[in-house]
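Student: I'd like to learn how to read the features of a model like this one. Could you walk me through it, one feature at a time?

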Amino acid sequence: MKVRRILKNTQFEKIKLSLNSQFTVQTLINVLTIIVGSFLFAIGVNSFMIAGNLGEGGFIGISIILFYAFGLPTALTNLILNFIILIVGFKFLGKRAMYYTIFTIPMTSLALWVTETWQIQTDEILINTVFGGLFIGTGIGLIIRVGSTTAGTTILAKMANKFLDVNVSYALLFFDLIVITIGLSVMSLEQVLLTVIALYIATKVMDFIIEGMNPKKAVTIISQEPDLLANLINTKINRGVTMLDGRGYYSKEDKDVLFVVINKSQLNRLKRLIKANDDQAFVVVHDVNSVLGNYLI
């Protein structure tokens, strides 16, 4: 009995050590990702946006306005503003997000300070607009992807969602538009409009980074040949298929409904396969924001 208990304890310690090792490695990867994201974000702000006398949304946008108006360094104002809002609204973040955010705020400010003189001067303002949005969106996307935040308007948006029942994305857009509008006090209308374009680019790039580089499509299929199509999807496209029970409201007939999640690149192939075997099949394609796991039913 004692030997068996010792063996069980030894196995438990091995499992615990393995989990701790995985946690440490993943945490290190996340920290490195935040560092890379912070510097990409800072390059976008300093090398392109400020170099082109453009603005930005969120608290970094306020920091840029204060820089244009009073010459205050963006690294310092960004640090102070974000820590103030973090102190006020930390309870709206999960424990993991809060810990990572506490690291992210000084990291982004450090990156802003290091890259302060890295300005790219061009005669074409659209270069600053496009690449500023590209770098900022990539940087913030990497930061958010690992579960962190840049504090600022993210926390304000969650507070608005909690107390005013406003959608978080709409709240973020609202706060960003307020900051950009304030920017009219130190920028021309043309510069503000170019800032809106950069903000749009940054949002699209950020969504791409967060959602992944291999977007998925969910496909619902109602066919007279469900077994045939399910088999072909399994064998020809190598995707698992879920068969659901359905019933036509008008016909009162029971039908098998196929549901499959595929890579976007496989969509045209799936459509051709369905059309070749049942050209009367009813097919609905859905956009998928996130797919977790690899479970086949």
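Student: Let me begin with one ring: is F48 buried or exposed?

Tutor: F48 has a relative accessible area of 6%, so it counts as buried (under 20%; exposed is over 50%, partly exposed in between, with a 1.4 Å probe and protein chains only). A word on the basis: this is a predicted model, where local features need pLDDT of at least 70 and side-chain atom pairs count only at pLDDT 80 or more, while totals for chains, interfaces and linings use all residues. Residues are numbered from 1 along each chain as its sequence is written, and side-chain values use heavy atoms, leaving out hydrogens and water.

Student: How many aromatic pairs does a search of the whole structure find?

Tutor: Rings of Phe, Tyr and Trp (its six-membered ring) pair when their centres lie within 6.5 Å; planes under 30 degrees apart are stacked, over 60 edge-to-face, and the rest tilted. The search here finds four such pairs. In one of them, F48 and F135 have ring centres 5.5 Å apart and planes at 25°, so they are stacked. F48 sits in helix 1 and F135 in helix 5, so this pair ties together parts that are 87 residues apart in sequence. F135 is partly exposed, at 24% relative accessible area. For an edge-to-face case, look at F174 and F175, with 5.6 Å between centres and 65° between planes.

Student: Which residues form one aromatic cluster?

Tutor: F48, F131 and F135 do.

Student: You mentioned helices. What is the order of elements from the N terminus on?

Tutor: Helices (H or I, at least four residues) and strands (E, at least two) are DSSP runs, numbered from the N terminus. This chain has 10 helices and four strands, in the order α-α-α-α-α-α-α-α-β-α-β-β-α-β.

Student: And what about the loops? Which residue there is buried yet has no salt bridge?

Tutor: A salt bridge puts a side-chain nitrogen of Lys or Arg within 4 Å of a carboxyl oxygen of Asp or Glu. E56, in the loop between helix 1 (2-50) and helix 2 (58-70), is buried without one. Its nearest side chain of opposite charge, K204, is 15 Å away; Lys and Arg count as positive and Asp and Glu as negative, with His and the chain ends not counted. Contact means heavy atoms within 4.5 Å; leaving aside residues up to four places away in sequence, E56 touches M49, G61, I64, I136, V179, I180, T195 and L199.

Student: What is the phi of N53?

Tutor: About 55°, a positive value although N53 is not a glycine. N53 also lies in the loop between helix 1 and helix 2, and is partly exposed at 41%. A151 is another non-glycine residue with positive phi, near 60°. A151 belongs to the loop between helix 5 (125-145) and helix 6 (153-164), and at 1% relative accessibility is buried.

Student: Finally, the surface. Which residues form a nonpolar patch?

Tutor: Patches are made of residues with over 30% relative accessible area and no salt bridge; like charges are joined within 9 Å and nonpolar side chains (Val, Leu, Ile, Met, Phe, Trp, Tyr) within 5 Å. Here L76, I80, I84 and V88 form one, with about 360 Å² of accessible area together (Shrake-Rupley method, 1.4 Å probe; for residues, only the protein chains shown count as cover). L76 is in helix 3 (residues 74-89) and is partly exposed at 46%.
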